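Welcome! Below is a short tour of a model, from the overall build of a chain to the place where protein and DNA meet.

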2 protein chains.
Amino acid sequence: MSISQTVIRRLPMYLHYLKQLPEETHNVSATTIAAGLGLGDVQVRKDLALISGAGKPKVGYEKAELMDAIEDCLGYKDKKLAVIAGAGKLGTAFLEFEGFNDYGLNIAAAFDNNLSKTGCSNTGKYIYPISDLKEFCRTEKVIIGIITVPSSDAQNVCDMMVESGIKAIWNFAPVKLNAPESVIIQNENLASSLALLSNRLAR
Amino acid sequence: MSISQTVIRRLPMYLHYLKQLPEETHNVSATTIAAGLGLGDVQVRKDLALISGAGKPKVGYEKAELMDAIEDCLGYKDKKLAVIAGAGKLGTAFLEFEGFNDYGLNIAAAFDNNLSKTGCSNTGKYIYPISDLKEFCRTEKVIIGIITVPSSDAQNVCDMMVESGIKAIWNFAPVKLNAPESVIIQNENLASSLALLSNRLAR
DNA sequence: ATTATATCGATAAATATATATCGATATATA
DNA sequence: TATATATCGATATATATTTATCGATATAAT
């Protein structure tokens with residue numbers, strides 16, 4: 001039986017919490033993690049039970065083992081090559097963000113249809129014309145595509161990515177992308193999050 | 001009885017779908033919306049039942065009425081003043097993004113502790129030193145704060161915002177912020193989304 | 001006018017998720 | 001050594017969410 005989405009979403013929080021603990025800390029209890037993240041202790045224990053070995057009463061879990069288990073489960077260990085389509089503000093923010101390496105994501109390059117944007121970015125990563133996307137992805141064996149183009153171009157870019165053999169797409173454009181079943185589409189919807197905020201504020 | 005979070009999260013998707021329909025379309029059925037967004041029709045119908053008036057068999061709902069109801073529910077109609085703390089790539093991406101107006105969000109300015117970043121951005125919005133944050137928020141009656149600073153500075157900025165009378169914080173730093181109960185904290189966690197993608201890819 | 005059909009709202013069932021409870025146990029303390 | 005305590009895993013309960021089913025109804029077609 002596979003692990004549910006809600007649990008998967010919490011795993012990186014646990015990982016982040018564990019990483020930020022002092023190095024000399026060897027053991028952590030579910031209770032402590034829960035308090036640190038504002039979650040329930042039973043929930044944390046149940047989540048951890050799904051992926052790691054047992055914890056010890058009065059002691060908790062082994063931090064190192066836990067971190068290992070989470071990284072394994074999330075596939076952070078095998079490095080995955082990614083490209084970004086759309087070198088706007090958001091796209092270049094991603095391109096220059098070093099932190100993705102911790103998640104096993106190696107962003108190879110960005111692509112844009114505005115030729116004035118092409119060239120080398122501050123951090124030494126390149127922005128190429130979008131027309132080069134397919135060939136690049138094929139020869140470099142890129143498996144993840146990040147879409148940060150305007151909605152109107154998103155489906156086009158998605159099609160290109162699919163044709164290039166990309167296996168998963170992280171989509172920041174607020175549109176439903178049509179792609180073969182075999183391609184994983186992960187939609188990121190800032191509007192959803194903002195809606196929550198706005199609604200809570202309205203009450 | 002209030003509307004659940006999962007429903008609230010879907011409302012902007014409906015709104016977006018409705019907006020993108022041809023102007024001459026007056027009626028939409030739940031079935032059509034569901035197909036367009038890749039959701040179940042019963043789910044759409046139940047969601048809409050919570051916020052809008054009745055639909056007609058064989059015809060569906062009135063598009064205009066529906067859009068109105070969603071915008072009302074999400075509080076998109078009353079304009080809310082917001083500031084951004086952290087004028088990095090992500091922060092300036094938000095600062096220059098015009099689309100937030102559709103969500104009732106009026107981003108007044110950004111703030112940064114790096115003085116070399118202060119000044120006027122491309123779109124005519126200003127970046128001020130972070131030391132000006134409190135006074136600005138108080139005098140301008142800002143109610144939303146967007147945090148796009150590094151994790152290490154996030155709590156500091158959060159404290160400042162709370163002291164400035166900000167009512168809701170949209171937090172992009174992967175840390176748990178401590179704030180009074182009365183302040184709404186909405187965490188945005190890109191790592192969670194990426195974790196899902198990565199996990200699905202690993203299987 | 002009758003029939004067919006798309007759609008509705010409502011109710012019911014199924015699934016998923018979160019929370020509460022409790023006996024067992026490893027460590028620390030008396 | 002005996003007792004107290006934090007924590008565990010497991011089981012049970014409660015809540016939330018999604019999906020399925022069905023009779024009713026507005027419109028279109030016969």
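## Before we start

Accessible areas here come from the Shrake-Rupley method with a 1.4 Å probe, and for residues only the protein chains shown count as cover. This is a predicted model, in which local features need pLDDT of at least 70 and side-chain atom pairs count only at pLDDT 80 or more, while totals for chains, interfaces and linings use all residues. Residues are numbered from 1 along each chain as its sequence is written, chains are lettered from A and ligands numbered from 1 in the order in which they are written, and side-chain values use heavy atoms, with hydrogens and water left out.

## Chain A at a glance

The accessible surface of chain A is about 9,800 Å², and carbon and sulfur atoms account for 51% of that area. Its C-alpha atoms fit a box of roughly 60 × 45 × 35 Å along the principal axes. Chain A has 203 residues, of which 47% are buried (under 20% relative accessible area, with a 1.4 Å probe and protein chains only).

Chain A contains 8 helices and 9 strands; these are DSSP runs, with helices (H or I) of at least four residues and strands (E) of at least two, numbered from the N terminus. Contacts are heavy atoms within 4.5 Å. Among those in chain A with a separation of 6 or more, 56% join residues 24 or more positions apart.

## Two copies

How does chain B lie on chain A? A turn of 180° with a shift of 0.0 Å along the axis places chain B on chain A with an RMSD of 0.1 Å, superposed by least squares on the C-alpha atoms of residues with pLDDT of at least 70 in both. The two copies are therefore related as by a two-fold rotation axis. The same surface serves both copies, as 100% of the contact residues of chain B recur in chain A.

## Meeting the DNA

Which residues come nearest to DNA strand C? Of the 22 around the strand, they are S4(A), A30(B), R45(B), G55(B) and Y61(B); a residue is near if one of its heavy atoms lies within 4 Å. Sugar or phosphate holds 70% of the strand C atoms within 4 Å of the protein, and bases hold the rest.

Phosphate oxygens of strand C lie 2.6 Å from a polar side-chain atom of R45(B), 2.8 Å from a polar backbone atom of A30(B) and 3.2 Å from a side-chain N or O atom of Q43(A). The elements giving two or more residues to this surface are α1 (5-19) and α3 (41-51) of chain A, with α2 (30-37) and α3 (41-51) of chain B.

Methods: A polar contact is a pair of N or O atoms within 3.5 Å; within protein, one must be able to donate a hydrogen and the other to accept it, and residues adjacent in sequence count only if both atoms are side-chain atoms. Buried means under 20% relative accessible area, exposed over 50%, partly exposed in between (1.4 Å probe, protein chains only).
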